[in-house]
Amino acid sequence: MSNSRYPALAAVLEKRIAHGVYRDKLPTVRELASEFQVSKQTVTLALRPLIQSGLLKPDGRRGIRIAQQEKMSGIIAIVGKGDMSILETDRRLKELQAQISRDGFESILIGVTDWISSRNLCKLLGNHFSGIIFTNSTLSYEIAEYLDEEKIPFVSCNRLPVYPRINCVETNWSGTLRQIVRDFVQRGYRKMALFFHGRLEGYNVIVRKEWKKIKEELGLPLMPADRIRLDYSAPTFDNLRKYLEILREQMEYPELLIFWPGLDEEKLELLTDSPLRVPASTRILACARIGVRYPEQVMTFSEGDCYHEILSAAYQALREVMIAPTTRKIHRSVEYPVIYNNFTNNKEEERNVSNY
């Protein structure tokens with residue numbers, strides 16, 4: 001843990017104090033430095049915001065005394081995309097809310113839909129919250145700018161290309177995509193295409209650049225499909241329809257189409273059972289959705305429990321920003337394994353997949 005990571009240490013110490021791990025006073029700076037394997041300067045920097053907030057008080061040679069044992073309080077908003085009835089039953093969101101409650105905060109779920117403008121969401125957020133977590137690509141330029149002006153701490157579960165000065169935690173999707181391509185190159189695939197609809201302004205540009213970089217690294221041919229531009233503000237279904245229309249016009253289909261969003265029944269029908277469907281010779285690899293039955297043409301993978309890890313990491317980052325704000329922005333990525341499901345057609349493929 002370097003000096004730039006002292007906010008993380010400050011958050012850990014605050015949590016230990018709130019939960020009674022430390023009672024009357026803290027261990028010495030030397031002891032803390034040894035425990036967390038950091039320099040004494042990092043410990044000193046971590047203690048400073050806790051002293052400024054009144055939680056700790058230097059007591060001369062007696063060390064650093066705990067001035068108050070109360071937990072931090074306030075309201076933390078979790079902003080998600082979709083129907084509130086779905087968000088309220090999301091197991092991972094409920095687990096996050098339980099953790100927030102144990103730490104002394106009240107949590108509120110805010111569900112947003114496409115018809116809620118950024119301006120109206122800013123009015124809804126107001127200045128009522130001690131901190132905000134944005135999930136599911138819900139953060140926009142206007143909202144980020146408003147929160148910065150109001151000095152309200154917030155963390156996004158996605159980067160925001162048009163407004164990079166934010167604290168964000170996201171999955172290492174580029175590393176995972178690179179590994180998927182490597183796996184299928186080993187299986188003999190060469191002509192690959194990617195459908196990856198980013199719902200934040202500027203994100204699709206980043207995705208296209210990374211996709212071309214991966215192809216160049218692995219010596220794979222570029223295809224006309226690689227130049228298709230998706231509209232971040234349009235629904236994924238509309239973008240997929242446009243994507244398939246262009247493929248049909250060009251009549252150059254990939255051997256493997258990597259479909260990055262979760263493949264639900266509506267999009268599955270468009271891909272495999274509509275006038276715009278891809279030919280049977282094109283295999284589709286998609287993130288599986290629970291309850292959907294996939295035809296033999298579709299191979300699926302799952303992401304493990306990376307959503308829970310992202311939410312936990314975002315909350316940890318938010319606590320750091322709330323307790324020890326700095327000018328240095330948090331940009332972190334969470335690794336997650338791709339779990340290939342049983343999508344084989346023959347014994348030879350089944351043997352190969354088992355080795356991944």
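This is a short talk on two groups of strands in one model, the helices beside them, and three single residues.

Hi everyone, and a word on the ground rules before we look around. What we have is a predicted model, in which local features need pLDDT of at least 70, side-chain atom pairs count only at pLDDT 80 or more, and totals for chains, interfaces and linings use all residues. Residues are numbered from 1 along each chain as its sequence is written, and side-chain values use heavy atoms, with hydrogens and water left out. When I say helix (H or I, at least four residues) or strand (E, at least two), I am speaking of DSSP runs, numbered from the N terminus.

Let's start at strand S5, residues 131-134. Gly131 and Ile133 point one way, Ile132 and Phe134 point the other way, and all of them are buried. Buried here means under 20% relative accessible area, exposed means over 50%, and partly exposed is in between, using a 1.4 Å probe and protein chains only.

Which strands pair with S5? Strand S3, residues 75-81, runs parallel to S5 and is joined to it by four bridges. Two strands count as paired if DSSP finds at least two bridges between them. If you want a spot to click on, isoleucine 78 stands opposite isoleucine 133 in S5. Strand S6, residues 154-156, also pairs with S5 in the parallel sense, over three bridges. There, phenylalanine 134 has serine 156 of S6 as its bridge partner. To get from S5 to S6, the chain passes through helix H7, residues 141-150, in a right-handed β-α-β crossover. Right-handed means that, with the strands pointing away from the viewer, the path from the first strand over the helix to the second runs clockwise.

While we are here, look at the loop between S5 and H7, where serine 137 sits. Most residues other than glycine have a negative phi. Serine 137, though not a glycine, has a positive phi of about 60°. Is serine 137 buried or exposed? At 15% relative accessibility, serine 137 counts as buried.

Now to the open sheet. Five strands form it, in the order S8-S9-S10-S11-S13, with mixed pairing. Strands S8 (192-195) and S13 (339-340) stand at the edges with a single partner strand each, so one side of each has no neighbour in the sheet. At the S13 edge, strand S11, residues 298-302, pairs with S13 in the antiparallel sense over two bridges, and serine 302 has isoleucine 339 as its bridge partner in S13.

Strand S9 has seven of its seven residues buried, so S9 is largely enclosed by the rest of the structure. S8 pairs with S9 in the parallel sense over four bridges, and five bridges join S9 to S10, again running parallel. Phenylalanine 259 is a handy landmark: phenylalanine 195 stands opposite it, and so does alanine 286 in S10. The chain goes from S9 through helix H11, residues 265-272, to S10, and this β-α-β crossover is right-handed.

One residue of S9 to zoom in on is leucine 257. At 0% relative accessibility, leucine 257 counts as buried. Leaving aside neighbours within four places in sequence, its contacts (heavy atoms within 4.5 Å) include Ala193, Tyr243, Leu271 and Ile284. Leucine 257 and isoleucine 284 are 27 residues apart in sequence, yet 4.8 Å apart in space, C-alpha to C-alpha.

What about the helices? H8, residues 173-186, lies across S8, S9, S10, S11 and S13, at about 150° to S9. H10, residues 236-250, lies across S8 and S9, at about 150° to S8. For these angles, axes are lines fitted to C-alpha atoms, for helices over the stretch in contact, and angles run from 0 to 180 degrees between N-to-C directions.

H8 also packs with helix H9, residues 203-218, at an angle of about 35°, the axes being 10 Å apart. Among the residues that meet are Trp173 and Leu177 from H8, and Tyr203 and Trp211 from H9. The residues of this contact divide into nine nonpolar, one polar and five charged.

Last stop: the loop between H10 and S9, home of methionine 251. Methionine 251 also has a positive phi, about 55°, although it is not a glycine. Methionine 251 is exposed, with a relative accessible area of 59%. Thanks for listening!

Definitions and conventions: Nonpolar A, V, L, I, M, F, W, Y, C, P; charged D, E, K, R; others polar.
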